[in-house]
Amino acid sequence: MNETNRVYLYDTTLRDGAQTSGVDFTVADKIAIAQELDALGIDYVEGGWPGANPTDNAFFADPPKLPRAIFTAFGMTRRPGRSASNDPGLSALLDSQSPAICIVGKTWDFHVDVALAIPRAENLALIADSIREIKARGREPLFDAEHFFDGYKANPGYALSCVQAAYEAGARWVVLCDTNGGTLPHEVESIVGQVAKHIPGSHLGIHTHNDTENAVSNSIAAVRAGVRLVQGTLNGLGERCGNANLLSLIPTLSVKMGYDIGITKEGMARLVHISRMLDERLNRTSNRHAAYVGESAFAHKGGLHVSAVEKDPTSYEHVDPSLVGNRRHVLVSDQAGRSNILARLREVGVNVDPKDDRVGVLVDLVKQKEFEGFAFDGAEASFELLARRALGEVPDYFRLAAFRVLDERRWNAKGELVTLSEATTKVEVPGPNGPDNVMTVAEGNGPVNALDQALRKALIPVYPALDGMRLVDYKVRILNAQDGTKAVTRVMIETADRHGQRWATVGVSANVIDASFNALSDSITYCLYRSGAAIDSAQAA
Ligand SMILES: CC(=O)SCCNC(=O)CCNC(=O)[C@H](O)C(C)(C)COP(=O)(O)OP(=O)(O)OC[C@H]1O[C@@H](n2cnc3c(N)ncnc32)[C@H](O)[C@@H]1OP(=O)(O)O
Ligand SMILES: CC(=O)C(=O)O
């Protein structure tokens with residue numbers, strides 16, 4: 001691979017990513033994320049802005065050991081009226097001991113006039129002096145040319161003189177920033193082409209924002225025009241609409257465009273893990289539809305798609321999902337044909353002859369149920385039960401004879417207003433001498449919780465496998481909102497067992513408690529089926 005094919009990656013998750021609304025990293029988060037980035041093979045890891053806040057100060061005071069990546073501090077040029085050697089902001093960066101320092105500076109004449117309110121020539125001195133000081137102190141200087149594209153459009157000569165000042169003062173990388181995120185790919189490609197006539201591409205970088213949904217495209221356009229360093233963030237975090245998503249850029253630059261980005265095959269296969277790790281740390285729901293790494297990035301729903309994917313996955317997949325650590329999913333819904341059903345059955349270990357009449361019956365059943373309001377795309381356990389029941393494989397572990405739920409709001413002994421629910425269930429379970437009718441009562445903080453508790457009380461003595469099963473998510477959706485309180489509701493439940501295995505079930509009814517019971521009942525049945533609970537052994541118990 002020749003040198004011009006090498007594109008360096010610079011991660012700014014811990015700095016620009018920290019500017020995302022709702023994101024607030026702890027020092028522990030920063031350490032864990034920096035280590036993941038290093039293990040992935042990112043060239044530069046920007047840790048934050050030493051001197052800007054206590055978290056970044058603590059992080060830079062005791063930075064993680066990164067065997068591979070260049071740990072980088074971010075800050076701004078010296079302030080007007082201060083010398084570079086006596087500027088408190090610059091001193092904080094130099095005190096951080098990080099081997100590389102990236103400083104942001106103005107390149108749009110409008111910002112120099114309005115935000116800094118200094119003569120334009122003085123801004124050039126701010127930039128050059130700061131870069132020279134960093135270099136003189138033995139660090140690698142990088143220059144983030146703020147608002148470069150807007151600046152270039154307004155006054156190309158001045159914008160160029162700013163980046164040239166940085167380059168001539170010794171900046172290893174001059175990073176052209178689309179700070180407001182409004183530049184389009186064709187503009188980026190053309191402007192970078194102009195700049196590359198003055199500063200070699202091997203010293204140019206790109207930093208884009210996603211305000212027109214073009215951050216990744218703009219980065220690609222810049223690379224095509226010659227830049228050899230790309231700044232971005234994990235999952236596209238960043239100020240306002242975010243930065244270029246490195247998790248999209250990495251496979252695109254490497255697998256599709258053939259650049260050497262220093263990421264090994266093993267690193268590439270960790271992309272899904274890294275994306276989810278970040279979401280877990282930030283307590284955010286992962287974007288199912290994220291390119292490459294989303295749960296749905298290789299999910300096939302349309303019957304025509306699945307039919308072809310079954311013959312050859314490349315028919316509807318732009319890359320092999322395993323390259324980025326993802327996997328293929330086949331969804332079952334009213335968009336399904338026989339191929340979806342057969343593929344899903346195979347996935348769960350059921351081998352049916354494709355010509356078996358029951359497959360057609362199951363396709364019709366799924367479509368009818370979806371018409372009634374069920375959604376099996378997302379409730380895979382309910383689909384598996386539906387299929388296995390159609391094949392006569394699921395025993396009747398228990399039978400509900402009746403349930404009743406009471407809700408009460410009252411003042412408790414401490415003078416607090418509390419709402420409590422009480423559920424009574426009557427279920428028929430296998431007993432040593434034939435079916436037993438068990439009646440249980442339980443309280444809960446809501447009707448579904450009370451129902452869940454009452455059912456477990458009845459079932460756990462017979463089926464110990466249910467011990468440790470817990471509800472982890474509960475969602476209600478109104479299906480025909482125009483009917484107001486008479487609307488049909490769909491309840492989706494996610495359950496986990498004590499080993500951390502999770503499964504999702506669905507229930508539908510005009511009555512939300514009834515819909516919840518149906519989803520709950522499927523969830524319990526699924527747990528029993530998977531645990532291999534046998535009715536005979538339950539009877540023995
Ligand atoms: C495009 C980007 O995303 S750059 C990164 C932006 N990120 C952040 O700002 C997050 C961290 N920032 C902070 O914690 C604070 O802003 C600090 C600590 C850096 C500075 O805080 P303060 O000293 O209170 O200043 P404040 O944030 O109000 O304003 C910034 C000042 O820097 C000046 N300034 C802005 N850019 C530059 C620059 N490149 N070079 C020199 N001075 C600059 C502004 O003109 C302003 O000066 P003024 O106070 O004389 O008007
Ligand atoms: C430096 C930076 O974050 C920007 O210009 O957007």
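How many bridges join strand 3 to strand 4, and do the two run parallel or antiparallel? In this predicted model, select residues 70-76, which form strand 3, together with strand 4, residues 100-106: five bridges join the two strands, and they run parallel. Within this pairing, pick out Met76 of strand 3, whose bridge partner in strand 4 is Val104.

Next, add helix 3, residues 88-95, to the selection, and follow the chain from strand 3 over this helix to strand 4, since together the three elements make a right-handed β-α-β unit.

Now turn to the other neighbour by selecting strand 5, residues 140-146, which is joined to strand 4 by seven bridges and runs parallel to it. Here Ile103 of strand 4 has Phe143 of strand 5 as its bridge partner.

Keep strand 4 alone on screen and show its side chains. In a regular strand, side chains alternate between the two faces of the sheet. In strand 4, Ala100, Cys102, Val104 and Lys106 point one way, while Ile101, Ile103 and Gly105 point the other way. Seven of the seven residues of strand 4 are buried, so the strand is largely enclosed by the rest of the structure.

Finally, select ligand 1 and the 17 residues that surround it, of which the closest are Ala52, Met76, Thr77, Val104 and Gly105. Two elements, strand 4 and helix 4 (residues 109-116), give two or more residues to this shell, and strand 4 gives the most, with three. Coloured by class, the shell shows seven nonpolar, five polar and five charged residues.

Conventions: Residues are numbered from 1 along each chain as its sequence is written. Chains are lettered from A and ligands numbered from 1 in the order in which they are written. This is a predicted model: local features need pLDDT of at least 70, side-chain atom pairs count only at pLDDT 80 or more; totals for chains, interfaces and linings use all residues. A residue is near a molecule or strand if its C-beta atom, placed from the backbone, lies within 6 Å of it. Helices (H or I, at least four residues) and strands (E, at least two) are DSSP runs, numbered from the N terminus. Ala, Val, Leu, Ile, Met, Phe, Trp, Tyr, Cys and Pro count as nonpolar, Asp, Glu, Lys and Arg as charged, and the others, Gly among them, as polar. A residue is buried if 20 or more other C-beta atoms lie within 10 Å of its own, exposed if 12 or fewer, and partly exposed in between; C-beta atoms are placed from the backbone. Two strands pair if DSSP finds at least two bridges between them. A crossover is right-handed if, with the strands pointing away from the viewer, the path from the first strand over the helix to the second runs clockwise.
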